[in-house]
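I am opening a notebook page on a structure that is new to me. My plan is to look up the confidence values, then one residue, then the chain as a whole.

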Amino acid sequence: MLDQLERRVDLAMEVQVPGLGPVAIGFEVQLAIDADKLRSWPVYLTSLRRGACQRALLVVLTPDSRVARWAARPIDLGPGNEGFRVHVLGPAQIPRVTEAKAARRQPELAVLSALTHAAADGDPALVYVALAGLEGLDSARARSYGSVLIRSLDMALQATLKVNMLDTEAPIAEADDPEITPEFVERALRFGRRIWEEELRREAVREQARAQGLEQGLEQGLEQGLEQGLAQGRREALLRFLARAGLRPTPEEAQRIATCTELGMLDRWIDQSVGATTVAAALAEW
């Protein structure tokens with residue numbers, strides 16, 4: 001690992017490339033357009049080249065498509081050097097990590113997946129998977145990544161995460177505080193740990209069923225039971241969220257909530273309840 005502090009990039013490393021020898025790679029996380037970076041990035045790249053390591057490249061990572069397009073443009077350094085470019089990894093190049101086991105193998109990629117796609121897709125499951133993946137890291141890195149992830153979420157995703165965490169633990173004094181406190185981050189990490197433990201339990205049951213030749217029936221039963229349990233949890237969370245906002249469903253609205261089994265619809269209603277002034281607005285269909 002190179003001294004990234006000296007070079008002012010977020011992360012720097014040196015790798016051996018067959019046929020090329022040592023190559024220095026600098027990584028820069030860019031969340032917004034910043035014209036000053038067009039002047040500093042060439043300096044960063046030059047400072048990475050030293051000693052025997054004369055080849056270098058700078059990789060800019062961004063969860064924002066607009067920033068990715070901006071960063072990918074050539075930088076004019078003057079006559080004869082009008083085409084300097086950095087390497088850009090944006091949303092189009094960042095995969096969606098949707099399974100807890102994959103997140104556990106590559107927790108940093110899972111966090112990047114959630115940062116990039118959760119808000120754009122309106123998919124809180126990407127956040128839950130990323131939190132589950134942090135269970136495999138040391139506590140300091142898990143807290144650091146978890147804090148960055150949670151603080152990056154929009155209000156709707158934060159509210160959905162908060163409601164789902166309250167399904168598993170007793171409320172705390174800060175539960176309604178919009179500030180992301182260290183205790184909130186710890187609760188989110190515990191929520192991720194529970195998701196990972198549930199995945200392990202499900203995998204153990206699958207393995208046992210395979211040994212007994214019951215895999216097909218078990219998978220159907222697991223999926224049905226999991227779907228029903230998730231839907232029930234969403235319905236209860238939605239009702240609690242509406243109650244906290246001082247909104248009481250009419251009998252007809254309560255019936256709609258009680259009979260809804262579509263997880264996507266329930267998640268959308270939870271998101272719409274943030275800032276809603278009526279139950280009808282929370283339950284509006286697009």
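I started with confidence by element, keeping in mind that this is a predicted model: among the elements of the chain, helix H3 (residues 65–71) has the highest mean pLDDT, at 92, whereas helix H1 (residues 4–7) has the lowest, at 42.

I then looked up the average over the chain, which is a pLDDT of 80, with 84% of the residues scoring at least 70.

Next I looked for stretches where confidence drops, and I found that residues 1–7 stay under 50 in pLDDT, although the model gives them 17 contacts beyond four places in sequence. I noted a further stretch, residues 170–178, where the pLDDT is below 50 and where the model has twelve contacts beyond near neighbours in sequence.

I turned to Lys-37, which I located in helix H2 (residues 37–48). Is Lys-37 buried or exposed? I entered Lys-37 as buried, because its relative accessibility is 16% and the cut-off for buried is under 20%. Setting aside neighbours within four places in sequence, I listed Glu-28, Gln-30, Pro-42, Tyr-44 and Trp-70 as the residues in contact with Lys-37.

Last, I looked up the chain as a whole, and I counted 13 helices and four strands in its secondary structure. Of its 286 residues, 41% count as buried, and the accessible surface comes to about 15,700 Å², with 54% of that area belonging to carbon and sulfur atoms. For contacts between residues at least 6 apart in sequence, I noted that 57% join residues at least 24 apart.

Notes
Residues numbered from 1 in each chain as written. Predicted model: local features only at pLDDT ≥ 70, side-chain atom pairs only at ≥ 80, totals over all residues. Heavy atoms only, no water. pLDDT = per-residue confidence, 0-100. Helix = DSSP H or I, 4+ residues; strand = E, 2+ residues; numbered from the N terminus. Contact = heavy atoms within 4.5 Å. Buried < 20%, exposed > 50% of the residue type's maximum accessible area, 1.4 Å probe, protein only. Areas by Shrake-Rupley, 256 points an atom, 1.4 Å probe, with all protein chains shown as cover.
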